[in-house]
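Visitor: I am new to this structure and should like to understand the terms used to describe it.
Guide: Please look at the model first; the questions can follow.

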Amino acid sequence: MSCKIEDIVRNELCVGCGLCVTESRSSKMDWNEEGFLVPVLDNSFNEHAIKLCPFNPFPEKEVKDEDVLADTIFPVSKHKDFKIGRFENTYGGYSNEYRETSSSGGIATYIFEQLLEEKIVNHLFIVKEINGTYTYQWFDNIEKIKEISKTRYIPVTMENLFKEIDSKEGKVAVSGVACFVKAIRLKQHYSPQYKEKIPFVIGIICGGLKSRFFTEYLAQTSGVKGKYEKQEYRIKDKASLASDYSFGAFDDKHTFHQMKMSKVGDMWGTGLFKSNACDFCDDVTTELADISLGDAWLPEYRNEGLGNSVIVTRSKLADRLIEKGIEKNELSVISISKDKIIQSQRASFSHRQDSLYFRKKYSHFKIEKRKRFKKQLSIPYKVVQLVRRKTRAESISIWRKYNNDQIFRKKMKVYLKLLRIVTKINHKLR
C-alpha cells in the first residue's frame with residue numbers, strides 16, 4: 001500500500017515540519033484555514049517526500065517506528081524503558097545562568113551555548129524572534145544566546161533546514177518537538193551525509209502543537225485589540241508557583257498587555273486549539289533526540305516559580321555535557337529516577353500512549369503505531385476521549401468562524417462543562 005503527502009494533509013495529520021517540501025520542485029509551507037502551517041499541494045512532490053513524513057502510515061521496515069529508529073541511533077545506550085525509550089541518565093534541575101530568562105530551567109539554552117562554545121557545532125537551527133513573531137532561523141552568536149531562551153506555542157516549520165544546510169560550513173544542531181525530531185532522523189536515514197552534518201538534536205517535550213488561533217485568543221483575552229507582536233507565553237513569577245505563569249504581548253501601539261494563564265483555565269488537558277495529529281503521536285519524551293528536555297511538573301519543584309527542567313540524556317555526548325555542567329557548578333542539577341520523568345509527564349503518557357489505540361479505532365485514516373501501547377480503556381475514560389476530541393475540533397471551528405474571545409468562551413462553555421463532568425466521573429470511578 002502507498003500514501004502521498006496529499007493524504008497526510010487532507011486527513012489533518014500534517015504537523016508542519018516542512019521536510020516534505022525539500023522533496024518538491026516548487027511547493028512551500030503556508031497557513032491553512034485552521035491556523036496551522038502545511039505544504040501547499042501542487043503535485044510537485046517526488047516519491048521520497050512521504051518517506052520523510054513522521055506520520056507516514058506505511059514506513060519501510062528499517063524506520064518502522066521510534067523503537068526501531070532508536071535502536072539504530074542509540075545502539076549502546078545504558079537503559080531502555082517501555083515508556084521513555086533508550087537513555088543514558090535522567091536528571092532534574094536548572095541552569096544557574098539561564099534559569100531566570102528561560103522557560104523551565106534554562107537547560108536548553110545552556111546546551112545550545114555549550115555546543116557552540118566547544119565547537120561541537122558551528123550553527124544552531126532554532127526558533128527565535130524576528131519582526132515581532134517566531135520562526136526557525138540560523139544562529140551562531142554565543143554572545144546573544146539569551147535571545148533564544150523562550151518557549152513559543154505558535155506553529156513553526158523547518159522548511160528551510162535542508163534547503164540551506166549545505167551552504168553552511170561546519171556542523172549544525174537542531175531543536176524540535178518529537179515529530180520534528182523524527183522527521184530529521186528520517187532525513188538522516190535516507191540521506192546519511194546529514195548524520196555527520198547534524199551531530200546533535202535537542203528534543204523539547206511537548207504537550208501538543210497549538211494552532212495560531214491559540215495565540216490570537218490569548219492576545220485578545222489579555223487586552224490586545226487588533227494586531228499583536230512579540231508575544232511571551234511563559235512569563236515567570238518567582239514569588240509564586242512554577243505553574244503560575246503569564247502570557248503577554250504588544251499591541252500595534254507598542255503597549256504590553258499581560259495576564260495570568262490561570263485566567264483562561266486549562267488549555268492543555270482540554271485539547272483546545274490542538275493539532276489533530278497530536279492525538280496520534282505516541283512519543284511523549286522525544287525519544288529520538290540526543291537530549292530530551294521538559295517542564296519538571298513534580299511536587300518537589302511546585303513552589304519554585306523560576307521553574308525546573310526534567311532531563312533525559314540519550315547519547316554519550318549529551319550526558320557528558322550535563323555532567324560537565326554539574327562539575328563546573330554551572331548547573332544545579334541532580335540525578336532523578338526514570339519514574340520521576342514519567343511522573344512529571346503523567347497526563348501526557350495517559351493520553352498519548354494509554355488511550356491512543358482507542359482514538360485510532362475511530363480514525364477514518366489508517367495510522368500504524370507501536371502495538372505495545374494497545375490497551376483496553378474503561379467505558380468512562382472512552383467517553384472522556386470522545387468528548388475531548390469533540391472539544392478540540394470545536395475550539396478550532398468556533399474560533400475560525402468568530403475570531404472573538406468573548407464569543408469563543410460563550411460557545412465553548414457547553415463543551416468544556418461536559419468535558420469537566422465526564423472527567424470527574426472517570427476520576428471518581430477510577
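**Strands, burial and a pocket**

Guide: Strand β5 and strand β14 (residues 309-313) run antiparallel and are joined by five bridges. This is a predicted model, in which local features need pLDDT of at least 70 and side-chain atom pairs count only at pLDDT 80 or more, while totals for chains, interfaces and linings use all residues. Residues are numbered from 1 along each chain as its sequence is written, and side-chain values use heavy atoms, with hydrogens and water left out.

Visitor: What makes β5 and β14 a pair?
Guide: Two strands pair if DSSP finds at least two bridges between them, strands being DSSP runs of E of at least two residues and helices runs of H or I of at least four, numbered from the N terminus. Five bridges join β5 to β14, so the definition is met. One partnership sets Gly 93 against Ser 309 in β14.

Visitor: How is β5 paired with strand β15 (residues 331-335)?
Guide: β5 and β15 also have five bridges, in the antiparallel sense. There, Ser 95 stands opposite Leu 331.

Visitor: Why is strand β5 (residues 89-95) called largely enclosed?
Guide: Buried means under 20% relative accessible area, exposed over 50% and partly exposed in between, with a 1.4 Å probe and protein chains only. Six of the seven residues of β5 are buried, so the rest of the structure largely encloses this strand.

Visitor: What makes helix α3 (residues 107-117) mostly covered?
Guide: Nine of the eleven residues of α3 are buried, among them Ile 107, Tyr 110, Phe 112 and Glu 113. Just after α3, Lys 119 has a positive phi of about 60°.

Visitor: How do you know that the size of the protein chain agrees with a compact globule?
Guide: The radius of gyration is taken over C-alpha atoms, and the globule rule is 2.2 Å times the number of residues to the power 0.38. For 430 residues a compact globule would have a value near 22 Å; the protein chain has 21 Å, and therefore agrees. Of these 430 residues, 58% count as buried.

Visitor: How are the residues of the lining of the second largest pocket divided?
Guide: The lining has nine nonpolar, five polar and seven charged residues. Ala, Val, Leu, Ile, Met, Phe, Trp, Tyr, Cys and Pro count as nonpolar, Asp, Glu, Lys and Arg as charged, and the others, Gly among them, as polar. A pocket is an open set of points on a 1 Å grid over the protein atoms alone, where a 1.4 Å probe fits, with protein on both sides within 12 Å along at least five of seven lines; lining residues have an atom within 4 Å of a point.
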